[in-house]
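Reader: I'm new to this one and would like a close look at a single part. Could you walk me through a sheet and whatever packs on it?

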Amino acid sequence: MSALWHGFADMGAVERDGAFVVARGEGAYIYDEAGTRYLDATAGLWFANVGHGRAEIAEAAAAQMRTLAHYSNFGDLAAPVTRELAERLAAIAPVPGSKILFTSGGSDAIDTAAKLARRYWHVRGKPEKTLVVGRERAYHGMHIGGTALAGIPVNREGYGEFVPDARTVAWDDPKGLLSLIEEVGADRVAAFFCEPVIGAGGVYPPPQGYLAEVRELCREHDILFVVDEVVTGFGRIGGSWFASSRFDLQPDIMTTAKGLTSGYLPMGAVFAAPHLAEPFFAGGVWWRHGYTYGGHAAAAAAAMANLDILERENLLAASARLEGTLHEKLAPLAAHPRVSEVRSGFGAVAAVQLADPSEALGFVKDLRAQGVSSRAAGQGALQISPSFVITDEQVDELVAAFTRALG
């Protein structure tokens, strides 16, 4: 019996069968308590972009902690490293001149974006614009705002209605968004939240032209376009820092986390385009929002070291190569009778969709027996989102394990 309550778990099953305890990691591999090695197919939870065991990041965080672990960013307070990180992120932002507000993670970032959107319209004299819109299959973290926005019904069951002004539209058809705008009126809609690649909902790349079309709909109807890059940011999209850069999405607000520190410390960042920040930076208008650990100094130091590695080792290019490698090497699995589809070709993410979704949780354990750690996502999909340091030979190892587990 353990005192630990796991997230997203049938705790009765965990108590019965025991936990899978990950004791250490190195590069693209993790090791359990017995020392057994597993290829980490998911980079933790989409986050270990530079791989596990990077002493450089740990040392940067430790050095910062010896100087100042953290203080606060409220009011006029700031740590030097946090200011430095904000400038560095602004320099790679998809929208030049963006302002950066730090959070403790992705769920914080989503709730921050929802609040900022509504506060912005209030300041602009349009307080009736309060409706926030998400998509079917979408995942936007597990705070109240993100839960209300999400398009995964089981994640909302049993809570009642958290946010009355939240709606969900089709994940793959811009006409769904347009119909909602026409139904409620553009003067009611504050923001549309969009993952460039739907992640936890099953790894679904967007249909051809979808992102550009919904972006134009938002522009035409004066609706803020919020791009959720908690998963796709910091190279995961392949070849670019962000999907918003790769596809010229010009987001009004962009949310990030995970790859910002490669998971070495919790941290998120919200990017606000200049026109979003302008009324708050002009003076006299407060946005009464922030987090105790937003911009945490040690986390900022870890992020700086992580970005150094991504740049020095050219890991954005490695991610672009991985996009093609995964697409090519996973494709034959689609011919297996237990597989209905393989989704890939849009960044360093992929999914093997099982024909029988009920097999997914058991298949995760079958994969472990073959030396690969993955997880179930959406309705019967197996997530693949490895660290960018994974080699082509290790991808072959991953595919061979899937083949053996499929039988």
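Author: Let's start with a term: two strands pair if DSSP finds at least two bridges between them. Strands (E, at least two residues) and helices (H or I, at least four) are DSSP runs, numbered from the N terminus. Keep in mind that this is a predicted model, where local features need pLDDT of at least 70, side-chain atom pairs count only at pLDDT 80 or more, and totals for chains, interfaces and linings use all residues. Residues are numbered from 1 along each chain as its sequence is written, and side-chain values use heavy atoms, with hydrogens and water left out.

Now for the sheet. It's an open one of 4 strands, in the order E11-E12-E15-E14, and the pairing is antiparallel. At the edges you'll find E11 (339-343) and E14 (376-377); each has a single partner strand, so one side of each is left without a neighbour in the sheet.

Look next at E12 (residues 350-354) and E15 (residues 381-384): these two run antiparallel and are joined by 4 bridges. To pick out one pairing, find Val352, whose bridge partner in E15 is Leu382.

Then there's helix H13 (residues 360-369), which packs on the sheet and touches E12, E14 and E15. Touching here is contact, meaning heavy atoms within 4.5 Å. The direction of H13 makes about 45° with that of E15. For such angles, axes are lines fitted to C-alpha atoms, for helices over the stretch in contact, and the angles run from 0 to 180 degrees between N-to-C directions.
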